[in-house]
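User: I'd like a close look at one part of this protein, the nonpolar core, and how the rest of the chain sits around that. Could you walk me through it in plain terms?

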Amino acid sequence: MSTASIRSANAVAPTDAEGKHGQRQSLISVLSIPVPAAKPKLPLRWQVVMIALTCMCTFGNHWSNGLIVALKTTIEKKLKINNSEFATLVTVTNLVNTFLCIALGFVIDKFGGPLMSVILAAFHLAGAIVEAGATTNGLNSYHVLMAGKIIAAIGDGSLDNAQHKIFTTYFAPGKGFGVSIGIIWSMANLAQYIGQSTANVMSENLGSYSWPLWISAVISLFSLLCAICIVILDKFLRSHYEVIDHSKRVDQPSAGKARTFNWPAVRQMPFTFWFVILFATFENAGVQSFLSISTQFAQQRLNKGAVVGGWVSSFYLLLPVGLVPLEGVFIDAYGHRVTILFLSGCMFLISMLLLRFSETVPTFVCAYVFYAFAQSLTPAPQVEILRSIIPDSRYYATAFAIKKSIIQGSIVIIVTAAGRLQDLSPNDSLESAVTVWLVYAFACVLVSGALLSACYTPFGKRCLPAARLSEVRPKYLEREVEKLWELRLHTATEESKDGSATPKQKEVVLKSPVPGSVSSYARWVAVGAGFAIVLTAWVIFGFGVEWGVHGNIVAGTTGE
């Protein structure tokens, strides 16, 4: 060996003493690196604070939902507008959110619920201020009022979606998520009841119909401040406590927020998801749009004025205040989400049958009680089931936005059809218009009945396993996953055919779309049908304006 080679080897290879010394130095260096202390678990008291603030950030939104409808007679007189113009004033908010909800759903998945809650609450506050200003100091501008409604609609349409996104992060299914959703809708119904029932009272006693709108704007400011507190609290909790993000997919622990405008996420929604959307198209749209005629219907049946009609037609909102949180507790403990959907549809159907075929006052009161039960049973199980059936909960806001967008279109369709029937009535009666809601009620019972039967039949379990998983008791979920896995071995991926898949991985596979061209075509048809409903809504709205649809029937809600 040459001298140069020896020098080179000596330069590269350390001696034994040097090697041991280097190992000791490396060990000391590793030991000296400070290990971050484990963060404590998130205390229950902070979860309660998060629920309270999240509920309050939409309090102003729900307070204002029924104001314009409740003040209909006064607004038409002061602004000198006809029924068709009033219908356009209110239904335009539904049209705005048919497409806007989906776009904002992608954005909520991208940036999270806390930040988007602030932005959406700010839009609602801006719109509420413009609405109030349009009725102040003799301005009485129809176009300014409509501009305010459109601005507010940008925030109204997706603010509840941002709320749900917050709770999907902080609460797991069966571990507080149902309770939190129940509390949200309890406060929402309370806010809407107060706003709707006191609008005419304040207008008459304070001397101006602008006062209810300005009070609504002040409450909206309070809601915006609560939304800002949510952002601050979220950052504080993440820096001081171990906050487990329950919106992450189980087989992707390092996954971050969803990519924005993820079209494959829409195409990969399972067929069970579209089944639930079909139910919501009839149930949610029917229940929510009926709110807007409830006051006038009560006036016609009871032969009373607007104030009495407003109080009577608003009492149904009190039942959900106490019932929905208990419903959330039940869902967290026992499941049975599909069963509750079916019961909701049955209550809605009974209510519409009583209103359509009986004209006595006791029957009318009984019908409104059943309607109150339908209203109570509608929101919580749908939010819960939507989260439990999609394979990747990171895209919950996208899934919720798709549902809400289609519901907005369905509301416009049912409102316009019912308005046309009322126009054709010789005495401006709502009797024939109720027939449309009766048809919707029959449809939602049929759809929910089919979905419920799928949860308890072998064929249904194989085709719609996600529906069965949403029905079982949460503590028995893993056991049910194993049973369904045996029924659908052909859905196993190549990685999990060796039996090494965990129950969580099997759950994701069961909730994912079934491979095959038939399943793909069925989901494409479902996507097309949803788009057709939204497109039809825009066309029907145009016909409604041409027909001069009466403003007595309006979509006075944002639709869950």
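Analyst: Let's start from the outside and work in. The chain exposes about 23,400 Å², and carbon and sulfur atoms supply 67% of that area. Keep in mind that this is a predicted model. Of the chain's 560 residues, 56% count as buried. As for the fold, you'll find 25 helices and zero strands. Take the contacts between residues at least 6 apart in sequence: 83% of them join residues at least 24 apart.

Now the core itself. The largest nonpolar core has 118 residues, and the members touching the most others are Ile75, Phe273, Trp274, Phe348, Met352, Leu355 and Trp437. Helix α13, residues 271-302, gives this core its largest share, 13 residues.

Phe273 is a good one to zoom in on. Leaving out residues up to four places away in sequence, Phe273 touches Leu386, Ile389, Ile390, Ala399 and Ile402. Two of those names turn up again in helix α18, where Leu386 and Ile389 are both buried. That helix spans residues 379-389 and is mostly covered, with eleven of its eleven residues buried. Don't picture just greasy side chains there: the buried residues of α18 include Gln382, Glu384, Arg387 and Ser388, alongside Val383 and Ile385.

Another buried spot worth a look is Ser223, in helix α11, which covers residues 210-240. Ser223 has a relative accessible area of 2%, so it counts as buried, the cut-off being under 20%. Setting aside its neighbours within four places in sequence, Ser223 is in contact with Met56, Cys57, Thr58, Phe59 and Gly60. Ser223 and Ala122 are 101 residues apart in sequence, yet their C-alpha atoms are 9.0 Å apart in space.

Since you work at the bench, a word on cysteines. Searching the whole structure turns up zero disulfides. For Cys346, the nearest cysteine sulfur belongs to Cys444 and is 8.2 Å away; a disulfide needs the two sulfurs within 2.5 Å, so Cys346 is in none. How covered are the cysteines, buried or partly exposed? Here are two of them: Cys101 is buried, at 1% relative accessible area, whereas Cys346 is partly exposed, at 23%.

Terms used:
Residues are numbered from 1 along each chain as its sequence is written. This is a predicted model: local features need pLDDT of at least 70, side-chain atom pairs count only at pLDDT 80 or more; totals for chains, interfaces and linings use all residues. Side-chain values use heavy atoms; hydrogens and water are left out. A nonpolar core is a set of buried Ala, Val, Leu, Ile, Met, Phe, Trp, Tyr and Cys residues joined through side-chain atoms within 4.5 Å. Buried means under 20% relative accessible area, exposed over 50%, partly exposed in between (1.4 Å probe, protein chains only). Helices (H or I, at least four residues) and strands (E, at least two) are DSSP runs, numbered from the N terminus. Contact means heavy atoms within 4.5 Å. Accessible areas come from the Shrake-Rupley method with a 1.4 Å probe; for residues, only the protein chains shown count as cover.
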